[in-house]
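Colleague: I've only just opened this one and could use a guided tour. Mind if I fire questions at you while I look around?

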Amino acid sequence: MIKRDGHLTSLWQDTKQPYTTQPFPERDEWDVIVVGGGITGISTALRLQEAGKRCLVIEAENLCFGTTGGTTAHINTLLDTPYTTIAQNFGDDNARLVANAAKEAVESISTNIRKYNISCGFSEADAYLFAQDDSQEKELEEILTATKAAGLSAAFTENIPVPISFTKAIRVKAQAKFQPLDYVIGLAEAYEKLGGAIMQHCRVTGVENNELVEVETAQGIFKARDLIYATHIPPGVNLVHLRCLPYRSYAMAVLLDDGKYPEDLSYDMYDPYHYYRTQVVDGQPYLIAGGKDHRTGDAENTEQCLLQLEATIRKHFAVAEVKYKWSSQYYESSDGLPYIGSLPGQAEHIYVATGFGGNGMTYSHVAAAILEKLILNEGSPYIPLFDPNRLKPVAGFKNFMKHNLTVVKDLVSGLFPADKLESLSGMAHGEGRIVDYEDDKVAIYKDEEGNIHALHSLCTHLKCEVQWNGAERSWDCPCHGARYDIDGNVLNGPADKGLEKR
């Protein structure tokens with residue numbers, strides 16, 4: 001089983017063994033170092049290796065430890081940010097560019113699978129978006145018009161694949177689905193055969209930009225001309241942290257009594273929305289459903305989110321057994337499009353890919369294509385569109401301010417005393433909470449044996465107070481999404497060091 005960034009285990013990670021990397025010769029320097037061993041890092045490194053670059057991938061844990069291991073693996077051109085919003089924020093021409101980039105990304109995945117003979121359960125599918133009341137119908141009509149204007153094949157439909165009542169629905173063709181870890185491991189094998197190198201269990205602890213970029217790790221210093229952060233969110237403190245909102249989404253893989261597994265991709269229009277599809281893994285079909293998203297660190301009871309998701313699934317499907325349940329993290333940009341390109345505020349030759357929202361499978365390959373062009377000094381119409389240094393005060397200012405007012409509130413709240421909480425003896429086994437102790441705030445977890453794990457409660461990134469995530473048994477920061485395990489070890493950036501133990 002592949003280790004993951006939480007207490008719960010996803011379907012993909014439970015059914016896949018950890019990847020064993022190949023030995024590689026030591027080099028004094030590399031052309032490109034890619035930090036992050038998920039789908040973005042591996043697909044980008046493969047493209048660059050194919051282009052003749054000497055690449056090194058550095059992963060703090062194991063491949064697919066983070067969000068790639070927790071995805072529900074929808075491969076979409078029908079994006080979470082609808083084309084109505086993209087056209088409004090960026091114009092009709094750029095909406096068509098986004099749709100074209102998404103179509104090229106889907107084709108890139110398909111090409112990789114054929115080229116490298118990767119067995120990952122890939123199949124084409126249609127996407128269905130359905131309305132359930134009058135206001136949703138109006139929104140759906142606008143989305144259909146904008147989606148068609150962006151160049152996608154979309155139309156109203158009388159039927160949807162899932163047994164859920166609806167008033168109106170659209171179908172968008174040329175989507176896809178697959179087993180994400182089988183795909184990424186297949187890419188990693190192809191990448192290593194081309195001479196690429198991978199270092200797992202090697203956390204980056206610092207970067208110096210001199211004549212070459214010097215990457216400091218627990219296993220030494222590695223040098224390269226170019227550095228790419230494919231870490232979901234870059235470490236340290238950067239402007240993109242103020243432009244990205246961290247969210248958690250919940251997922252389940254269930255068996256059905258009646259065997260009526262929906263073949264295509266389906267989405268309702270609630271906020272947050274629910275999503276459904278089927279994947280066959282080791283000969284067994286699973287209904288995979290997700291939803292109940294919330295800002296990281298905001299839910300009072302994350303276990304309740306899973307219970308609510310299960311209730312929604314059972315309402316519509318003949319559930320025989322819930323085999324897997326888990327949650328995963330993603331980041332939304334303030335204006336609806338990812339940030340792919342030069343990292344703001346850094347010297348040249350340092351790049352980033354972040355803010356994918358719920359479309360990481362698609363945008364990972366958009367990022368790989370853009371980053372390849374940038375490093376090879378080749379042009380692309382996508383480069384300015386996804387540039388992290390773009391300024392969109394009209395499109396992004398409202399979300400930017402809303403998020404960062406919340407960040408300021410969370411920063412300030414950690415500076416004032418809270419009401420006295422129950423004594424430690426009142427904590428249940430398996431419970432975590434922030435308590436006042438000796439004029440300080442402490443993050444306390446009592447494990448199943450009754451042992452106390454005590455940590456300083458301030459995130460090491462920007463000193464926001466962490467919150468307990470009962471479902472994943474982690475301490476989550478509501479400001480920029482850093483996450484820590486019960487012993488304070490970093491599970492998710494942008495923090496690059498753990499919580500101090502008490």
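Colleague: Let's start with the hairpin made by β8 and β9: how many residues sit between the two strands?

Modeller: β8 covers residues 204–209 and β9 covers 213–217, and they run antiparallel. By strand I mean a DSSP run of E with at least two residues, while helices are H or I runs of at least four, both numbered from the N terminus. Together β8 and β9 make a hairpin, and the number of residues between them is three.

Colleague: Before I go on, at what pLDDT do side-chain atom pairs count?

Modeller: Residues are numbered from 1 along each chain as its sequence is written, and side-chain values use heavy atoms, with hydrogens and water left out. This is a predicted model, so to speak of it fairly: totals for chains, interfaces and linings use all residues, local features need pLDDT of at least 70, and side-chain atom pairs count only at pLDDT 80 or more.

Colleague: Back to that hairpin, then: which residue of β9 stands opposite Gly206?

Modeller: Two strands pair if DSSP finds at least two bridges between them, and β8 and β9 are joined by five. Across from Gly206, in β9, you'll find Glu216.

Colleague: There's also an open sheet of four strands; which are its edge strands?

Modeller: The order is β21-β22-β23-β24, with antiparallel pairing. An edge strand pairs on one side only, and that fits β21 (467–469) and β24 (490–492).

Colleague: And which residue in β24 faces Arg483?

Modeller: β23 spans residues 483–484, and its antiparallel pairing with β24 runs over two bridges. Standing opposite Arg483 in β24 is Asn492.

Colleague: On to charges: how many salt bridges does the structure hold?

Modeller: Side chains of opposite charge can pair when their charged atoms come close. Here, a salt bridge is a side-chain nitrogen of Lys or Arg within 4 Å of a carboxyl oxygen of Asp or Glu. The total for this structure is 16.

Colleague: Take Asp31 and Arg54: how many residues apart are they?

Modeller: They form a salt bridge, with the closest N and O atoms 3.6 Å apart. Asp31 is in strand β1 (residues 30–35), and Arg54 is in the loop between α2 (39–50) and β2 (55–58), so to answer you, the pair links distant parts of the chain, and the separation is 23 residues.

Colleague: Is Asp126, another salt-bridge residue, buried or exposed?

Modeller: Asp126 meets Arg171 in a salt bridge at 3.9 Å, N to O. Asp126 lies in strand β4 (residues 123–131) and Arg171 in strand β6 (residues 168–177), so the bridge ties together parts 45 residues apart in sequence. Buried means under 20% relative accessible area, exposed over 50%, and partly exposed in between (1.4 Å probe, protein chains only). Because its relative accessibility is 17%, Asp126 counts as buried.

Colleague: What is the relative accessible area of Lys177?

Modeller: Lys177 bridges to Glu263, with the closest N and O atoms 3.8 Å apart. Lys177 lies in β6, while Glu263 is in the loop between β11 (244–256) and β12 (265–267), so the bridge spans 86 residues of sequence. Glu263 is exposed at 52%, whereas Lys177 is buried at 4%.

Colleague: Which residues are joined into one network?

Modeller: Some salt bridges share partners. The ones that do so join Glu137, Glu141 and Lys168.

Colleague: Any odd backbone spots? Which residue follows Asp271 across a cis peptide bond?

Modeller: Omega for that bond is near 5 degrees. The residue after it sits in the loop between β12 and β13 (275–281). The cis bond runs from Asp271 to Pro272.

Colleague: Cys64 has a positive phi; what is its relative accessible area?

Modeller: Phi of Cys64 is about 70 degrees, although Cys64 is not a glycine. You'll find Cys64 in the loop between β2 and α3 (67–70). Cys64 is buried, because its relative accessible area is 1%.

Colleague: And Asn377: buried or exposed?

Modeller: Asn377 also has a positive phi, near 60 degrees, without being a glycine. Asn377 lies in the loop between α10 and α11 (382–385). With a relative accessible area of 69%, Asn377 is exposed.
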